[in-house]
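Dear colleague,

I am handing over the structure below, together with some notes on what was found in it. Please look through the sequence and the model before reading on.

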Amino acid sequence: MINHEELFDVTIIGGGPAGCYSAFYSGMREMKTKIIDFQPNLGGKVHVYPEKMIWDVGAVTPVTGEQLIKQMVQQALTFDPEVVLNEKIIRIEKTADTFILTAESGKQHFSKTVILAVGGGILKPIKLDIEGADRFEVTNLHYVVQSLSKFKNKDVVICGGGNSAIDWAVSIAPVVKSLHIVHRRDKFDCHEAQLSLLNEYPHEKHVNTTIKKFVSTTDNTKIRSVILENKLTGKESAIEIDDVIISYGFERELSFIKESPLQIELVDEFYVKGSSKAQSSIEGLFAAGDILSFDGKVHLILGAFADAANAVNQAKMYLDPNSPAKARVSSHNSRFEEKNKELLQHLFVNS
Ligand SMILES: Cc1cc2nc3c(=O)[nH]c(=O)nc-3n(C[C@H](O)[C@H](O)[C@H](O)COP(=O)(O)OP(=O)(O)OC[C@H]3O[C@@H](n4cnc5c(N)ncnc54)[C@H](O)[C@@H]3O)c2cc1C
């Protein structure tokens, strides 16, 4: 028997933009809500680009990724959902009217409906295949660029030739002392415009080249130089560096959806086949954000927000078919009465 306390109306898997907005909107619809994420913080993929400016979220003036996360999380917590972090869901099943979500920790979560907001799944950077390289990850070997200031006046090597490698190169080029870009192919696989931008800054490109090995500092804690190998000529060269950035892309871990006993219908083996109302092929299970595929999908953060509102409204109607199709708009919603008193008083006192 499931204890009533443990049973939620909605459980959201994933705490990125889609999950955060689902948590907020679910509160507006007065549903008992839980949000679960594998990462130690809410915010999702936006944590990959905290210092980039984001312009295309409706009515939000340009903000950094970090600021957007702050605002999204603040909004997500408005109605005090239960938040479970560092929790990886590995299995979803359904009894007659309850979903059972099993986590890697062994814990089980019980819910009347589920919103899958897992984006591209758990992202793991593809690592450099050099023995012992992992010991430098705490010092000067990086798989994401979290902060530009870290590379100020540094000699930096970026390894990779795709969009994100060149994006990072363009971002750090104005602050570094020197920049080398190492790519195993002869051509870069990125937008032309980004390459043109990069060409405005001094840098050296090493094509048909890979990193063969690292030379470490005498105390063995940091990389001092990289040994490059030209794959066409076999010629080796050494570059003295302060930092190495590897951008080989990310592996996506999403197998729990594919292997779910529920047999959720997918598109291209990866996306949840859904509708513009965020429904999936399983009753009571909805999807929102990057994971959801339907005709007319908007692949932006603002699209994730719209999916989330649809998913929540559908979950509400699944639980109570007589409930209205959507929440009352926030400006006229009694859910905010108490909070508005405080906010409006603050506004008038300070005006
Ligand atoms: C470099 C970069 C720049 C971008 N710039 C923009 C931009 O300017 N404007 C814009 O609109 N979009 C931009 N995007 C895209 C935008 O970030 C995504 O569309 C958005 O993050 C999708 O949100 P989501 O909630 O669907 O998924 P995500 O943000 O990917 O969040 C999914 C969450 O689910 C969690 N999760 C996954 N699997 C599990 C599991 N099994 N158990 C528990 N938790 C799990 C993950 O840990 C993650 O936190 C950019 C993307 C990148 C990579």
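Between them, domain 1 and domain 2 bury about 460 Å², with 39% of that area on carbon and sulfur atoms. On the domain 1 side, Val48, Glu51 and Lys52 supply 78% of the area buried against domain 2, which is more than any other three residues. Please keep in mind that this is a predicted model.

As for where the two parts lie along the chain, the domain assignment places residues 4–123 together with 251–348 in domain 1, and residues 127–248 in domain 2. The contact takes five residues from domain 1 and seven residues from domain 2, while the centres of the two domains, taken over C-alpha atoms, are separated by 36 Å.

Across this interface one salt bridge is found between domain 1 and domain 2. Lysine 52, one of the three residues named above for their share of the buried area, forms a salt bridge with aspartate 167, and the closest N and O atoms of that pair are 3.7 Å apart. Two residue pairs are counted in polar contact between the domains, and the residues on the side of domain 1 that touches domain 2 divide into two nonpolar, one polar and two charged.

Finally, a word on the annotation: the unreviewed UniProt entry carries "domain: FAD/NAD(P)-binding" over residues 8–314. Over residues 8–314 the chain is 19% helix and 31% strand, and the C-alpha atoms at the two ends are 16 Å apart.

With best regards

Methods: Residues are numbered from 1 along each chain as its sequence is written. This is a predicted model: local features need pLDDT of at least 70, side-chain atom pairs count only at pLDDT 80 or more; totals for chains, interfaces and linings use all residues. Side-chain values use heavy atoms; hydrogens and water are left out. UniProt positions are given in the numbering used here, feature names are shortened, and annotations may be inferred rather than shown by experiment. Helices (H or I, at least four residues) and strands (E, at least two) are DSSP runs, numbered from the N terminus. Domain bounds come from an automatic or database domain assignment. Contact means heavy atoms within 4.5 Å. Buried area is the accessible area (1.4 Å probe) that two parts lose on being put together, summed over both. A salt bridge is a side-chain nitrogen of Lys or Arg within 4 Å of a carboxyl oxygen of Asp or Glu. A polar contact is a pair of N or O atoms within 3.5 Å; within protein, one must be able to donate a hydrogen and the other to accept it, and residues adjacent in sequence count only if both atoms are side-chain atoms. Ala, Val, Leu, Ile, Met, Phe, Trp, Tyr, Cys and Pro count as nonpolar, Asp, Glu, Lys and Arg as charged, and the others, Gly among them, as polar.
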